[in-house]
Each structure stands twice: as structure tokens, then as C-alpha cells.
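Biologist: I would like to go through this structure with you step by step, and I would ask you to give the reasoning before each answer.

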Amino acid sequence: MTMHDMPAGPALDIVRRLRSGESSAVEIIGACLADIEAGNPGINAFVHVAGERALREAAALDRRLRSGEDLPALAGVPIAVKDLFDIAGETTHAGSQLRAGAPVARRDAAAVARLREAGAIVVGRTNMDAFAYGFVTDNARYGPTRNPADPSRIAGGSSGGSAAAVAAGMVPIGLGTDTNGSVRVPAALCGIWAFKPSYGRIPTAGVFPLARTLDHVGHFASSLADLELGYTVLSGERTAGPDSEAGRLRVARLGGYFDAHCDETQQDAAASAAERLGAGGVIEWPDVEAARAAALLITAAEGAVVHARELLARPGDFDPACRDRLLAGAQIPAHWYISALDLRARFAEQVAACFAKWDVLVAPAVPCAAPALDALDEPFGAERWNARASLGLLTQPISFIGLPVLCAPVGQTAVQLIGAPDQEATLFRAAARLKSSSASLP
Amino acid sequence: MMSSVRIPIPPEYADGVAENLARLEQMARLVLDRFETIDEADENGDAPRPFKA
């Protein structure tokens, strides 16, 4: 089922129907909950559905509407939230049994609060890799999330539940996080729109950390218009608006490392997007392999810091998929970590130079299409990649230096549109141009 | 007495941790290779620079 088939509809349409009186919020949320009840057993996107609370909030919204109140931008829009964000009154499990006895959150995470203040209704928490440390969303406690396009395959991770919920048409917008690619990898494997802004653009307050100097908040959407609306609310910024296609864009395709680490389908997708954006050339970044290596070291070291007390006290309670990596991260010598930080500063300077000439860079987001769930530990794809270790090969070097990235669907995958620091609006302009070149893009 | 602050590797997880540490070491080598060593700087007769040119 796609978003266009569902009773609730895309976010902008929901808000229009609510404001016009065509539908009530209770009807919209009721339809969404029915979709989740019907579709979730097949893909396991949600680990907890807050139906009663969501209907209560919808009824309150209907009362506001009846009293003549102006409704905010996301009024009545059902939202899926990764189980890494605090939601007031609920326990944030972060995908781990270690958090089973944790107290409930006293307040919403900042990103969740912004969405709710804008009238969005959180319908449930979504599945993820334990502690967001992975790219597959195969969780020891909750099981795997399946790709809505082919349930024998993964949806990607670590924000796989939110991506699958959007791809399946259960909700128009899903909230995720991206430390090394955890929004962009599932967006590409599910073929949907997604956005990860510059590092720090959306506050991470109330988000259970993976690696503090790399963690970003991001989101998925069923259409570009909803993606932009979600970003406007999450960031408090205006993007390009209705004339978003206007103006000259200098576009190049990222080659070299990015061509070498994906199969022909992904290369073709990036080349097609670049061509439709009128790309003026193919460029290469220096030291990308070392940058990706440094991102892995920083993640391992900072991740171990977050979990140091539990690794000492009860290592056996960790999800096996992340326990050994966190224990290994705890052994990293200081000079590895500090050298990785130094390399990050230099890599950011080297990359910044290319944005004097280019506004947008196009790159593939994943090495290949979604691997099968029963073959995650087998080599796959043209280069015999290991899924667990390799799905972030093309995303890690970019989030490493905090650049904004918009994932745009191309065929069955999605490609990365990469911008200079803090140039989010430019990426929405590029995405609008890409959408206008393809009648099939939502 | 103060409890340990060093995180041990439980024997039952030693193999998995060793495998992950070996991978991290490969990554560290890629990173550290970008830095100039004191020996390399001495060969050039310069003070060590943070990165190889």
C-alpha cells in the first residue's frame, strides 16, 4: 500500500482536510491506527502503538477546531517516532532490553516537542538497531523490521522502523536519527524522501546518544512537500518556499570512492539524478577512506563512553549485535581517537573548498539494494560486501563532517544530495528541480 | 575501596571483541597513516607537521 491509497493521506492533505472540515482529527488518527493494525504485523515497523493517547490528542484538536482556533502547520498529522527519542510519560527503550526498567521520560525530546507543538500526533515508537548502532534494524528484543517493498529484505537502519512506516504508507512523516547514515541508509533501501540537516541544526536534547559529536536528528516523508514541511517545523526555519526551483544551481557528481563502493544500479541512480540536475562535472574528494575510518573510530570510542557503566556492570544484558563493538570501543587508545578528531577537522577544510565551486553534490547513498534478511552475514553485491559492516560506506564520510544531506528517491533507491554547511534551503531547491523532472516522484 | 573504572573484556565475549578490535585497528591504521611521524619529518629536516602533504 502507498501513501496515496491510505485513508489518512499525506501530511499537507491531512491538514487541508482538517481545516476545511472534510475530516476530523479523530477520523484521521483512527484511519491511521487501523492501517498500522493491519500492516504492522507484516513489517514490524512499530514496537509500541499509543492508540489511546493519540485518539485523546486528536479529540482535543477537534475541540480546538470547533472553538474557532487557527490550527498549526501539522495539525492532526500522525507521526512515527524512533524509540530513541523521549516521549513524556513513556520509557525510551533505545531498542534495548537494558532499558526495560528505565523510568518514563519527564518531557518530550526537543524534536518531538516541536512536532507536537505544531499539532502533530505521535502514534507510536518505531523499531531500530539496539542503541542505534547498526544499519539493518534486526533487533534482539523486537525482531527485524522488514522492507515494505519486499518483506524478505531488510528496511535498513538504524531508523528502519520509521522508514518502513513511511514507506508502507502508515504515516506521512517519521522521525529518525543519523549518526553515520541511519536515516539515509533506510531511506535508500526503502526508496523514500529523507533529510539530515547540518550537525546541530535540530537539537538532540532528549535523544538517547550513540556518538555525541556525530548524532543528528533527521526525518522521512512520503513526499517532498511533506519533507520540507517537517523540516520547517523541526528546525524553525523557512526553506525556499513555492519558488524553490528558481535560481542557478551548480551541481556536480561525486565520483572516485563513491563510484568504487557501489554497484552499477546505484551508480546509475546517482548519474541519472546528476544529469537531471544539469551536473557540470564529476569531482573527487581526497582521503575519503581515511575519513570513513575516522568516523568508525569516533563512533566506537564515544559509544563506549555512553555505556561505560553498563558495560562494567552487566555486559550480558546488551544486544549481542552491539555488545562486542561497544566493548571493543572501550579499549581504544586515546591517540587513535584524538587523531580521528584531528583528521575530521582537516577533512572538513578540504571538502569545504569544493563548495566554492559547487552548490550541490550528488552521490549514491548505499552500496546496493536491500539485502535479504536471512543473508545478513553473507557477502552480497558485486563487491561481496558484508551488510552489517558496509551499508554505511557512502554515508559515513558525509555525516562525519556534519554536512546537510537530502535523500531523493530515484527508481527503487534514493541518492544523496549534499550541500555546504548550513545550506539546507539549497538542497530543497535541488530536490524540487529533481522532482519536476520526474512525473512519478511524490 | 574504589571500584574498577577499567572496562574488562569478559572471557565469553573475548572472540567477538577481538574481531572488532582488529577491525578498529585497521581503521586506526588508515587514520594514523595520514599523519607525519617524527622519523619522516627528520628525514625531511623539518619539524613534524600534523599531516602528510
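Biologist: What percentage of the 53 residues in chain B is buried?

Modeller: The model is a predicted one, and that should be kept in mind throughout. A residue is called buried when its relative accessible area is under 20%. By that cut-off, the buried part of the 53 residues in chain B is 26%.

Biologist: How many helices does chain B have, and what is its radius of gyration?

Modeller: Chain B has zero strands, and its helices number two. The globule rule gives 10 Å for 53 residues, and the value for chain B is well over that, so the chain is more spread out than a compact globule. Its C-alpha atoms fill a box of roughly 50 × 30 × 15 Å along the principal axes. The helix count is therefore two, and the radius of gyration is 18 Å.

Biologist: How far apart are the mean positions of the positive and negative charges of chain B?

Modeller: Chain B carries 6 positive and 11 negative charges. Taking the mean position of each set, the separation comes to 5 Å.

Biologist: Which strands stand at the edges of the open sheet in chain A?

Modeller: The sheet is built from 11 strands with mixed pairing, in the order 1-3-2-8-10-9-14-15-13-11-12. A strand at the edge has a single partner strand, so one side of it is left without a neighbour in the sheet. The two that fit this description are strand 1 (46–49) and strand 12 (282–283).

Biologist: In which sense, parallel or antiparallel, does strand 3 of chain A pair with strand 1 and with strand 2 of chain A?

Modeller: Strand 1 of chain A is joined to strand 3 (residues 121–126) by three bridges, with A:Phe46 partnered by A:Thr126 and A:Val49 opposite A:Gly124. Strand 2 (residues 78–82) and strand 3 are paired over five bridges, and A:Ile79 stands opposite A:Val122 there. The pairing with strand 1 is antiparallel, whereas that with strand 2 is parallel.

Biologist: How many of the six residues of strand 3 of chain A are buried?

Modeller: Strand 3 of chain A is described as mostly covered. Counting its buried residues gives six.

Biologist: What is the relative accessible area of A:Gln266?

Modeller: A:Gln266 lies in helix 9 (residues 264–276) of chain A. Leaving aside residues up to four places away in sequence, A:Gln266 touches A:Pro364, A:Val366, A:Pro367, A:Cys368, A:Ala369 and A:Thr413. A:Gln266 is classed as buried, and its relative accessible area is 2%.

Notes. Residues are numbered from 1 along each chain as its sequence is written. Chains are lettered from A and ligands numbered from 1 in the order in which they are written. This is a predicted model: local features need pLDDT of at least 70, side-chain atom pairs count only at pLDDT 80 or more; totals for chains, interfaces and linings use all residues. Side-chain values use heavy atoms; hydrogens and water are left out. Helices (H or I, at least four residues) and strands (E, at least two) are DSSP runs, numbered from the N terminus. The radius of gyration is taken over C-alpha atoms; the globule rule is 2.2 Å times the number of residues to the power 0.38. Buried means under 20% relative accessible area, exposed over 50%, partly exposed in between (1.4 Å probe, protein chains only). Lys and Arg count as positive and Asp and Glu as negative; His and the chain ends are not counted. The place of a charge is taken as NZ of Lys, CZ of Arg, CG of Asp or CD of Glu. Two strands pair if DSSP finds at least two bridges between them. Contact means heavy atoms within 4.5 Å.
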